[in-house]
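This report describes the surroundings of a bound ligand and one pair of strands. The sequence and structure come first.

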Amino acid sequence: MLSHLTIRLATRADAGAIAALSRDEIEAGLPWTWRAPRVRRAIDDPDTNVIVVGPPGAAAAFGVMYYAEDDAHLLLFAVHRSQQRRGVGSALLQWLEDAARAAGAQRIRVEARMDNEAARSFYSERGYHERTIVRRMYSDRLDGVRLEKWLRT
Ligand SMILES: CC(C)(COP(=O)(O)OP(=O)(O)OC[C@H]1O[C@@H](n2cnc3c(N)ncnc32)[C@H](O)[C@@H]1OP(=O)(O)O)[C@@H](O)C(=O)NCCC(=O)NCCS
């Protein structure tokens, strides 16, 4: 477990590194849809939190959380493979959950590929329930699963 870790809000300078992490860790084998301009729009969006770990321009981990009404939607989330299984993902997720609670969200939703055992295990150990399986969720090809965690009853 990490003794200390600096998590900060992303700036536009982080967009390229976040997009590259998305391409390599999340969208591998699929069309690359989270390119730098889209990430920059998320960073600029007041309804979205984009957080990172690492120096400007060289993020090693990040999360993108979008708020809509009472829900928070974790759109993108990744830790560089060289940094995985050291508690970085847990620390980022805790930060995002605390922010969602403070914002009054009742539920966090997230999706993962069916074949992404690491993510499914990660989320389920942190209180996320698998709600629906969606056939061909990704690029009309790969199955996905929708998960959710209720923050308040
Ligand atoms: C899922 C992910 C964010 C976890 O980040 P992390 O920094 O490794 O997570 P932590 O170190 O805080 O927690 C590790 C826990 O996650 C789960 N986990 C992580 N990698 C795993 C793997 N390869 N196989 C099984 N479980 C795994 C386990 O529960 C693990 O606990 P353990 O080490 O005690 O067994 C990371 O694996 C990742 O970035 N994956 C690629 C991108 C992705 O799948 N994003 C989520 C879907 S959008």
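## Ligand shell and a hairpin

By class, 9 nonpolar, 6 polar and 5 charged residues make up the shell around the ligand. Here Ala, Val, Leu, Ile, Met, Phe, Trp, Tyr, Cys and Pro count as nonpolar, Asp, Glu, Lys and Arg as charged, and the others, Gly among them, as polar. The model is predicted: local features need pLDDT of at least 70, side-chain atom pairs count only at pLDDT 80 or more, and totals for chains, interfaces and linings use all residues. Residues are numbered from 1 along each chain as its sequence is written, and side-chain values use heavy atoms, with hydrogens and water left out.

The ligand is surrounded by 20 residues (a heavy atom within 4 Å), and Phe 77, Val 79, Arg 85, Ser 90 and Asn 116 are the closest. Helix H4 gives the most to this shell, with 6 residues; helices are DSSP runs of H or I with at least four residues, strands runs of E with at least two, numbered from the N terminus.

The table gives polar contacts to oxygen atoms of the ligand (pairs of N or O atoms within 3.5 Å).

| Residue | Part in contact | Distance |
|---|---|---|
| Val 79 | backbone N or O atom | 2.8 Å |
| Gln 84 | polar side-chain atom | 3.5 Å |
| Gly 87 | polar backbone atom | 2.8 Å |

Strands E6 (residues 129–138) and E7 (residues 142–150) run antiparallel and are joined by 6 bridges; strands pair if DSSP finds at least two bridges between them. Val 134 is opposite Gly 144 in E7. The two strands form a hairpin with 3 residues between them, and Ser 139 in the turn has a positive phi of about 55°.

How values were computed: Polar contact = N/O pair within 3.5 Å; in protein donor to acceptor, adjacent residues only side chain to side chain.
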